[in-house]
Structures are given as C-alpha cells and as structure tokens.
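Visitor: Could you take me in for a close look at one part of this model, and then walk me outward from there? I'd like to know what touches what.

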Amino acid sequence: MSVFDRPTSAELLEAVIDFINAEIKSDSYPTNKKFKFQIVTNILRIVKREIESGKEIDKKFFELGIKLTGEDDFSLDKLSEKIKNKEINHDDESLVNFLYDLAEEKIKIDNPKYK
C-alpha cells in the first residue's frame with residue numbers, strides 16, 4: 001500500500017524515459033548528445049527497477065541473512081565482519097549461495113539483459 005496517488009514514482013520515471021527516447025530519436029539531436037541521453041535513460045531504468053523490486057529484494061536477503069548469520073539484525077557490513085573475523089567460512093555453501101543469489105538479483109536490476 002502507498003499513501004501516494006498516481007502516477008507512481010515508477011510511472012513518472014517511465015514517462016521521463018519515454019520523453020527522452022522520443023526526443024533523441026529525432027534528427028535534430030547531435031550524435032554525442034544522443035549518446036549522453038541514452039546513458040541518462042539507462043540510469044533512470046535502473047532506478048525504476050530498483051523502486052519496483054528493491055523492497056522485495058531487501059526483505060528476501062534480510063531474512064536469508066538472518067538465517068546465515070544467526071543474528072536478528074542483519075546487514076551486509078555485519079556479514080563482511082563475520083567473514084573477516086572467520087566466524088563464517090568463506091567456503092560455506094550457504095554463504096556462496098547467498099552471495100551468488102544476491103549478485104544475480106543485483107544484475108537483474110542493473111542490466112536485466114546481461115543474464
């Protein structure tokens with residue numbers, strides 16, 4: 001549930017992306033500016049995907065991290081400390097799976113075509 005009315009943040013970002021894409025498709029923009037605007041639209045798409053999926057991904061990995069570390073208050077910094085202090089072995093299959101899945105989720109946000 002959100003207390004905000006439509007358009008949503010994701011919808012507003014999509015409108016900006018559509019506007020920029022329409023503008024850069026015109027012949028009036030120089031090639032170097034088109035390239036720069038393409039970078040901007042890529043960044044906006046990343047932000048949009050993070051808005052749409054970020055809370056769900058955070059919740060998923062917070063819960064997995066609690067199981068992995070055995071602590072109620074999980075953070076990636078705490079996980080790093082536990083690995084550094086050898087409280088969790090870097091070869092631990094649960095850790096490897098956690099990090100692999102986390103990297104995969106981040107790639108889906110940053111560049112979903114990459115997988």
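Guide: Lysine 48 touches Ala10, Leu13 and Glu14, leaving out residues up to four places away in sequence; contact here means heavy atoms within 4.5 Å. Before going on: this is a predicted model, so local features need pLDDT of at least 70 and side-chain atom pairs count only at pLDDT 80 or more, while totals for chains, interfaces and linings use all residues. Residues are numbered from 1 along each chain as its sequence is written, and side-chain values use heavy atoms, with hydrogens and water left out.

Back to Lysine 48, which sits in helix α2, residues 31–69. Helices are DSSP runs of H or I with at least four residues, strands are runs of E with at least two, and both are numbered from the N terminus. Lysine 48 has a relative accessible area of 17%, so it counts as buried. The cut-offs are under 20% for buried, over 50% for exposed and partly exposed in between, using a 1.4 Å probe and protein chains only.

A short detour to the beginning of the chain: Proline 7 lies in the segment before α1, which covers 9–24. The peptide bond leading into it from arginine 6 is cis, with omega near 5°.

Now follow α2 along to phenylalanine 62, which is in that helix too. With 34% relative accessibility, phenylalanine 62 is partly exposed. Leaving out residues up to four places away in sequence, it touches Asp72, Asp73 and Phe74. For phenylalanine 62 and aspartate 73, 11 residues apart along the chain, the C-alpha atoms are separated by 8.4 Å.

Aspartate 73 turns up again with lysine 78, a residue of helix α3. Setting aside neighbours within four places in sequence, lysine 78 is in contact with Glu71 and Asp73. Its relative accessible area is 33%, so lysine 78 is partly exposed. Aspartate 18 is another matter: lysine 78 and aspartate 18 are 60 residues apart in sequence and 40 Å apart in space, C-alpha to C-alpha.

Lysine 82 is in helix α3 as well. At 12% relative accessibility, lysine 82 counts as buried. It touches Thr69, Glu71, Glu87 and Ile88, again not counting residues up to four places away in sequence. Go on to lysine 86 and you're in the loop between α3 and α4. Here the relative accessible area is 72%, so lysine 86 is exposed. Have a look at its backbone too: phi is near 60°, a positive value in a residue other than glycine.

Across that loop, leucine 95 sits in helix α4. At 2% relative accessibility, leucine 95 is buried. Not counting residues up to four places away, leucine 95 touches Leu68, Leu79, Ile83, Ile88, Asn89 and His90. Threonine 69, 26 residues from leucine 95 along the chain, is 9.3 Å from it between C-alpha atoms.

Two of those partners bring us to the helix packing. Leu76, Leu79 and Ile83 in α3 meet Leu95, Phe98, Leu99 and Leu102 in α4. By class, the residues of this contact are seven nonpolar, no polar and no charged; Ala, Val, Leu, Ile, Met, Phe, Trp, Tyr, Cys and Pro count as nonpolar, Asp, Glu, Lys and Arg as charged, and the others, Gly among them, as polar. Helix α3 (residues 76–84) and helix α4 (residues 93–110) pack at an angle of about 145°, their axes 13 Å apart. Axes are lines fitted to C-alpha atoms, for helices over the stretch in contact, with angles from 0 to 180 degrees between N-to-C directions.

Leu102 also leads to the second largest pocket, where about 310 Å³ of space lies. Of its 15 lining residues, Gly54, Ile57, Asp58, Leu102 and Lys106 are the closest to its centre. A pocket is an open set of points on a 1 Å grid over the protein atoms alone, with protein on both sides within 12 Å along at least five of seven lines, and lining residues have an atom within 4 Å of a point. The volume is the space filled by probe spheres set on the points, which are joined across faces, edges and corners. Helices α2 and α4 are the elements that give two or more residues to this lining, and the lining divides into eight nonpolar, two polar and five charged residues.

Technical notes:
On a 1 Å grid over the protein atoms alone, a cavity is a set of points where a 1.4 Å probe fits but cannot get out, and a pocket is an open set with protein on both sides within 12 Å along at least five of seven lines; lining residues have an atom within 4 Å of a point.
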